[in-house]
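Subject: Structure handover

Hello,

Please find the structure below. Some notes on what was found in it follow.

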Amino acid sequence: MPRTTPVPATRGKRRAERRARADYTGGVYGSMLAASVVIGAGSLGSFPRAELVLLLLLTGVVFWIAHVHAQLFGARLAQQTPNRHLVLHVCRDEWPIVKAAVPPATAVAVSPLLGLDVRGGLWLALCVAVVGQIGWSVAAARRAGASPRLMAVTASVNLLLGLLIIAFKIVLKH
């Protein structure tokens, strides 16, 4: 009887499988984190746009590292010893935290092209972060097979959270 060897999954098939298992929690969290960075960035130095872009991206990276560390040496260490495959898996799963910082950072970077001053760039970044937060949450609900009603609820909840963050920015007045 001839022995058949399993055909390895194609790269595209593996990507599709990863997307199907995708968890958007990091994206929602990362968007909220980016919005929080924007409201906390009251006094920037000589190059406020560049500093805010770096602050957004570096904060995303630092929190990504913190989440990877927590996953590997918190919950997972009790279940299995970390190996290269597990480390790469956790790094990939937590990457949306960094990805969520990119749109607000980009908004700050392009704000001069839109004729916005630094304050306008901050507001643009904040709005982009809130929209990202809503988008990530709706994507997660859709991927989970949620009904349109539940997707509307998650969008509404995240909009309210975003508006709360915006209210903090207004109260802080910087």
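A polar contact here is a pair of N or O atoms within 3.5 Å; within protein, one must be able to donate a hydrogen and the other to accept it, and residues adjacent in sequence count only if both atoms are side-chain atoms. One case sits at the start of α7, where a side-chain oxygen of aspartate 117 comes to within 3.3 Å of the backbone nitrogen of arginine 119.

This is a predicted model, in which local features need pLDDT of at least 70 and side-chain atom pairs pLDDT 80 or more, while totals for chains, interfaces and linings use all residues. Numbering runs from 1 along each chain as its sequence is written, and side-chain values use heavy atoms, without hydrogens and water.

Helix α7 covers residues 118-143 (helices are DSSP runs of H or I, at least four residues, numbered from the N terminus). Its 26 residues should span 38 Å at 1.5 Å a residue (1.5 Å times one less than the number of residues), and the end C-alpha atoms, 37 Å apart, agree with this. Just after α7, glycine 145 has a positive phi of about 85 degrees.

Buried residues of α7 (under 20% relative accessible area, 1.4 Å probe, protein chains only) include Leu122, Leu126, Gln133 and Trp136.

The largest nonpolar core (buried Ala, Val, Leu, Ile, Met, Phe, Trp, Tyr and Cys joined through side-chain atoms within 4.5 Å) has 20 residues, and Leu126 and Ile165 are among those with the most contacts inside it. The elements giving it two or more residues are α2 (25-40), α3 (48-75), α6 (102-110), α7 and α8. The largest share, six residues, comes from α7.

Regards

Conventions:
Buried < 20%, exposed > 50% of the residue type's maximum accessible area, 1.4 Å probe, protein only.
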